[in-house]
Amino acid sequence: KGSKLIGCGSATPKLSISNEYLSKFVDTSDEWISVRTGIRNRKILSDGETVTDLAVKSSKKALEMANLKAEEIDLVLLCTSTPDDLFGSAAQVQRELGCNRALAFDITAACSGFVLGLVTGSRFIKGGGFENVLVVGADALSRYVDWTDRGTCILFGDGAGAVILQATSDEQDCLLGFDFHSDGNGQRHLHALVRSTDKKPGDEGAVSNGDVFLPSRASVSCIQMNGKEVFRFAVRCVPETIQTALEEAGLHGPDLDWLLLHQANQRILDAVAERLQIPPERVISNLSNYGNTSAASIPLALDEAVRCGKVKPGDVLATAGFGAGLTWGSAIVRW
Ligand code: ACO
């Protein structure tokens with residue numbers, strides 16, 4: 001069975017943080033940030049908003065566009081590295097939407113998460129037994145940012161985007177080709193490590209019984225990144241993975257209607273487009289408004305481009321995610 005894309009939606013938090021505002025906290029400037037990254041603004045969770053809230057809002061819009069009821073969804077894939085619950089938030093999204101028949105689980109692959117979710121959803125449909133699949137990318141990296149580190153805090157924002165895949169009766173598939181990679185050796189360049197807070201006897205909170213200590217608790221450190229290495233990795237690996245996916249699809253760069261990359265940095269978008277010989281007017285970019293929203297960035301940009309009439313039915317897009325892990329990959333899709 002093939003699948004088609006029948007709906008999309010997106011949601012972002014209320015609170016907007018401009019470059020000027022950030023420069024009151026850290027030694028930076030609007031000029032530095034916009035010249036090096038293209039980012040001017042980002043939206044950040046506040047007032048009790050959650051990743052689940054954003055995921056639900058974006059999914060409702062996608063359901064509306066697809067003209068589907070929540071009960072018609074068979075599978076909910078929540079692509080996130082920042083769930084509201086350590087055990088995952090997909091089931092909460094399923095509950096809030098009322099997708100009562102659906103299996104729901106999280107996919108964690110940092111900024112590659114959404115593209116991986118899209119391919120996973122289409123494979124479930126291909127395998128049979130699943131008709132309508134909701135794929136949501138939602139993240140709130142703002143929760144793990146060190147707001148005193150000007151090298152990282154300027155980059156990230158929060159958001160969510162969703163799409164719905166539906167089984168087709170014919171062989172036609174919206175997924176024309178894909179390619180994925182991981183390299184754990186690159187973890188040192190980008191991570192937010194889970195650490196055990198080891199306690200000694202007598203420390204506040206230490207739980208002991210004679211010589212025996214109960215296991216310590218875990219905490220997550222802030223995002224640590226070697227920006228230059230991540231930049232080099234993206235500019236080298238993203239054109240390669242797109243090229244591989246294009247070959248599988250039997251297409252070439254100039255055949256594409258749109259290049260829709262993970263929205264990390266305008267300079268990465270420009271460099272990848274140049275390598276693939278895709279003209280700037282075919283590159284979708286909204287990162288100036290939202291920054292890097294991790295797994296949300298691709299469906300968020302797709303939703304805006306579809307709703308403003310830029311991306312039209314039948315258009316072919318190359319999507320690619322890249323980030324922590326390291327993970328990277330691409331999918332050539334027909335809208
Ligand atoms: N404002 C002002 N100056 C700054 C800032 C800032 N916000 N940040 C760094 N600088 C300074 C540095 O201290 C350094 O000063 P020095 O020359 O006196 O030492 C100088 O600017 C240059 O710093 P670099 O880090 O070399 O700057 P670079 O040109 O590499 O740009 C950036 C940094 C924007 C982070 C870039 O490397 C980048 O975008 N990399 C990719 C990052 C990325 O996309 N990460 C997300 C991956 S997705 C995921 O999985 C989460």
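Which residue stands opposite Trp-328 in S17? Phe-322 does, and that pairing is a handy way into the C-terminal end of this predicted model. Residue numbers start from 1 along each chain, following the sequence as written. Since the model is predicted, local features need pLDDT of at least 70 and side-chain atom pairs count only at pLDDT 80 or more, while totals for chains, interfaces and linings use all residues.

Helices and strands here are DSSP runs numbered from the N terminus, with at least four residues (H or I) for a helix and at least two (E) for a strand. Strands S16 (316–323) and S17 (327–334) run antiparallel and are joined by eight bridges; two strands pair if DSSP finds at least two bridges between them. Together S16 and S17 make a hairpin with three residues between them. The turn has two backbone oddities. Gly-325 has a positive phi of about 140°, and the peptide bond from Gly-325 to Leu-326 is cis, with omega near 0°. Leu-326 itself sits in the loop between S16 and S17.

S17 also has a partner in strand S8 (residues 175–182): the two run antiparallel, joined by seven bridges. His-181 has Trp-328 as its bridge partner in S17, so Trp-328 is paired with both His-181 and Phe-322; a pair of bridges is what strand pairing needs at the least. Most of S17 is covered, with seven of its eight residues buried. Buried means 20 or more other C-beta atoms within 10 Å of a residue's own, exposed means 12 or fewer, and partly exposed is in between, with C-beta atoms placed from the backbone.Two stretches carry domain names in UniProt, whose positions are given in the numbering used here, with feature names shortened and annotations that may be inferred rather than shown by experiment. An unreviewed entry lists residues 246–335 as "domain: Beta-ketoacyl-[acyl-carrier-protein] synthase III C-terminal". That stretch is 32% helix and 22% strand, and its end C-alpha atoms are 16 Å apart. The annotation "domain: Beta-ketoacyl-[acyl-carrier-protein] synthase III N-terminal", also from an unreviewed entry, covers residues 105–184. Here the chain is 19% helix and 39% strand, with 23 Å between the end C-alpha atoms.

Next comes the interior. A nonpolar core is a set of buried Ala, Val, Leu, Ile, Met, Phe, Trp, Tyr and Cys residues joined through C-beta atoms within 7 Å. The largest one has 102 residues, and Val-76, Leu-77, Val-135, Val-136, Leu-259 and Leu-260 touch the most other members. Helix H6 (residues 227–249) gives the most to this core, chipping in nine residues. Contact between two residues means that their C-beta atoms, placed from the backbone, lie within 7 Å. Setting aside residues up to four places away in sequence, Val-76 touches Ala-90, Val-93, Gln-94, Cys-99, Ala-102, Ala-104 and Leu-134.

Ala-160, in strand S7 (residues 158–168), counts as buried because 34 other C-beta atoms lie within 10 Å. Its contacts, again without residues up to four places away in sequence, include Ser-10, Leu-54, Val-136, Gly-137 and Ala-296. Ala-160 and Gly-137 are 23 residues apart along the chain, yet their C-alpha atoms are separated by 5.5 Å.

Ser-46 makes a nice contrast. It is found in the loop between strand S3 (41–44) and H3, and it counts as exposed because it has 12 C-beta neighbours inside 10 Å. Leaving out neighbours within four places in sequence, Ser-46 is in contact with Pro-13, Lys-14 and Leu-15. From Ser-46 to Lys-126, 80 residues apart along the chain, the C-alpha separation is 40 Å.

Positive phi values turn up at two non-glycine residues in loops. Asn-67 has phi near 60° and lies in the loop between helix H3 (51–66) and strand S4 (75–79); Asn-67 is exposed, with 10 other C-beta atoms within 10 Å. For Ala-110, phi is near 45°, and its loop runs between strand S5 (103–107) and helix H5 (113–127). Unlike an exposed residue, Ala-110 is buried, with 26 other C-beta atoms within 10 Å.

Finally, the ligand. A residue is near a molecule or strand if its C-beta atom, placed from the backbone, lies within 6 Å of it. Around the ligand there are 22 residues, of which Thr-28, Arg-150, Gly-227, Ala-264 and Gly-323 come nearest. Helix H2 (30–37) and H6 each supply at least two residues of this shell. By type, the shell divides into eleven nonpolar, eight polar and three charged residues. In that count Ala, Val, Leu, Ile, Met, Phe, Trp, Tyr, Cys and Pro are nonpolar, Asp, Glu, Lys and Arg are charged, and the others, Gly among them, are polar.
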